[in-house]
Amino acid sequence: MGNDRRQRRLVVDERTTYLWSHRQKRGRDGVWRDALTLCRDGLRIRFVFLAGGPDSGRYTSEGGHWYKGCVADGRGNLLNLREPGVVRRLVDEAGRRGLLPGAGDGLVELDGWELFPALASASAA
């Protein structure tokens with residue numbers, strides 16, 4: 001998975017297919033973020049994981065190549081946002097919570113940390 005800008009395909013069911021990609025970057029505010037973007041029918045849904053300070057318990061890859069694409073909490077839970085299985089669980093959990101909007105134009109940004117505990121517990125099971 002060498003190219004972060006490459007869009008990959010995620011087939012959810014016979015009518016729902018997303019293109020997705022992962023990127024990490026430092027924002028204008030100087031804070032690193034890992035973002036997973038899903039595209040479908042003119043809609044972009046971006047799950048953003050902002051890095052926190054050492055006391056926040058929220059860690060991103062912060063531009064390094066070690067654990068690139070991974071986000072972790074202070075309790076030892078780690079998710080690799082470049083793995084298709086993790087992306088699928090993220091889509092499923094967002095769908096269960098009613099966070100996935102219908103088709104349309106525009107960009108919807110969601111806080112990925114809100115979904116992290118459910119994804120981490122699913123990974124541990």
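Here are a few worked exercises on this predicted model.

**Exercise 1: the sheet**

Work out the strand order of the open sheet, and find which strands stand at its edges.

*Solution.* Start with the order: five strands line up as β1-β2-β3-β4-β8, with mixed pairing. Now look at the ends. β1 (8-13) and β8 (106-111) each have a single partner strand, so one side of each is left without a neighbour in the sheet. As for twist, neighbouring strands are turned by 25° against each other on average, ignoring direction. Last, add the helix: α1 (residues 84-96) lies across β1, β2 (16-26), β3 and β4, and it runs at about 45° to β1.

**Exercise 2: β3, β4 and the loop between them**

In which sense do β3 and β4 pair, and over how many bridges?

*Solution.* Take β3 (residues 32-40) and β4 (residues 43-50): they pair in the antiparallel sense, over eight bridges. To pick out one of these pairings, go to Thr37, whose bridge partner in β4 is Arg46. Then step into the loop between the two strands, where you'll find Asp41. Check its backbone: phi of Asp41 is near 50°, a positive value in a residue that isn't glycine.

**Exercise 3: what surrounds Asp73**

Is Asp73 buried or exposed, and what does its side chain reach?

*Solution.* First locate Asp73: it sits in strand β6 (residues 70-73). The cut-off for buried is under 20% relative accessible area; Asp73 has 11%, so it counts as buried. Next come the backbone nitrogens: a polar atom of the Asp73 side chain lies 3.4 Å from that of Gly76, and the side chain reaches that of Asn77 at 2.9 Å. There's a salt bridge too, with Arg75, at 3.5 Å from N to O. That partner, Arg75, is exposed, at 70% relative accessible area. Leaving aside neighbours within four places in sequence, Asp73 is in contact with Gly57, Tyr59 and Phe116.

**Exercise 4: salt bridges**

How many salt bridges does the structure hold, and which parts of the chain does the Glu109 and Arg46 pair link?

*Solution.* The count is seven. For the pair, begin with the distance: the closest N and O atoms of Glu109 and Arg46 are 3.3 Å apart. Glu109 is in strand β8 and Arg46 in strand β4, 63 residues apart, so distant parts of the chain are linked. Now burial: Glu109 is partly exposed at 49%, while Arg46 is buried at 18%. Try Arg33 and Asp29 next, with closest N and O atoms 2.8 Å apart. Here Arg33 is buried at 18%, whereas Asp29 is exposed at 54%. To finish, Glu93, Arg96 and Arg97 are linked in a salt-bridge network.

Terms used
Residues numbered from 1 in each chain as written. Predicted model: local features only at pLDDT ≥ 70, side-chain atom pairs only at ≥ 80, totals over all residues. Heavy atoms only, no water. Pairing = 2+ DSSP bridges. Helix = DSSP H or I, 4+ residues; strand = E, 2+ residues; numbered from the N terminus. Axes fitted to C-alpha atoms, helices over the stretch in contact; angles between N-to-C directions. Contact = heavy atoms within 4.5 Å. Buried < 20%, exposed > 50% of the residue type's maximum accessible area, 1.4 Å probe, protein only. Polar contact = N/O pair within 3.5 Å; in protein donor to acceptor, adjacent residues only side chain to side chain. Salt bridge = Lys/Arg side-chain N within 4 Å of Asp/Glu carboxyl O.
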